[in-house]
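Subject: Structure handover

Dear colleague,

Here is the structure I said I would pass on. My notes on the strands and their pairing follow below.

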Amino acid sequence: MPGHGDILPDSRPREVRGAVWRAGQGWWRPIFCANCGRPGGLVPQRACTFAFWLCDPCWETHGAIAATMAVPDEQFWAELAADPSSGA
Ligand SMILES: [Zn+2]
């Protein structure tokens, strides 16, 4: 989604820490809630150029900000799994 990177913070820290190597999939890096910093799981480094994620409590408070591009976690993971370039 081009453009969203201009207005929303990236949930991937600038400095990658705790990246996980998965055989056949490459590096996965952690993302964090853009508001409170709660860990939000891992995204594949290779297929991911931008990530914005809010945890459930922050979503209830601030979700309207990101509503234009929001998908539930379940849908995100389903789409990720269906994307051959993700290697998932
Ligand atoms: Zn949060």
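Two strands are taken as paired here if DSSP finds at least two bridges between them. By that rule β2 and β3 are paired, because four bridges join these two strands, and the pair runs antiparallel. Please keep in mind that this is a predicted model.

First, the overall layout. The protein chain has three helices and three strands. Along the sequence they come in the pattern α-β-β-β-α-α, with one helix ahead of the strands and two after them. Of the 88 residues in the chain, 8% count as buried. Taking contacts between residues at least 6 apart in sequence, 34% join residues at least 24 apart.

Now the sheet. The three strands form an open sheet in the order β1-β2-β3, and the pairing is antiparallel. Its edge strands are β1, residues 20-22, and β3, residues 39-44, each of which pairs on one side only. On average, neighbouring strands of this sheet are turned by 35° against each other, direction ignored.

On the β1 side, three bridges join β1 to β2 (residues 26-32), and these two strands run antiparallel. Two of the residue pairings are worth finding on the model. Valine 20 stands opposite tryptophan 28 in β2, and tryptophan 21 stands opposite tryptophan 27 in β2. The hairpin of β1 and β2 has three residues between the strands. In that hairpin, glycine 24 takes a positive phi near 80°.

On the β3 side, where four bridges join β2 to β3, two pairings can be picked out in the display. Proline 30 stands opposite leucine 42 in β3. Phenylalanine 32 has proline 39 of β3 as its bridge partner. The hairpin of β2 and β3 has six residues between the strands, and glycine 37 takes a positive phi near 85° there.

If you want a route through the model, start at β1 and follow the hairpin with glycine 24 into β2. Then go on through the hairpin with glycine 37 into β3. That path takes you across the sheet in its order, β1-β2-β3.

Regards

Key: Residues are numbered from 1 along each chain as its sequence is written. This is a predicted model: local features need pLDDT of at least 70, side-chain atom pairs count only at pLDDT 80 or more; totals for chains, interfaces and linings use all residues. Axes are lines fitted to C-alpha atoms, for helices over the stretch in contact, and angles run from 0 to 180 degrees between N-to-C directions. A residue is buried if 20 or more other C-beta atoms lie within 10 Å of its own, exposed if 12 or fewer, and partly exposed in between; C-beta atoms are placed from the backbone. Two residues are in contact if their C-beta atoms, placed from the backbone, lie within 7 Å.
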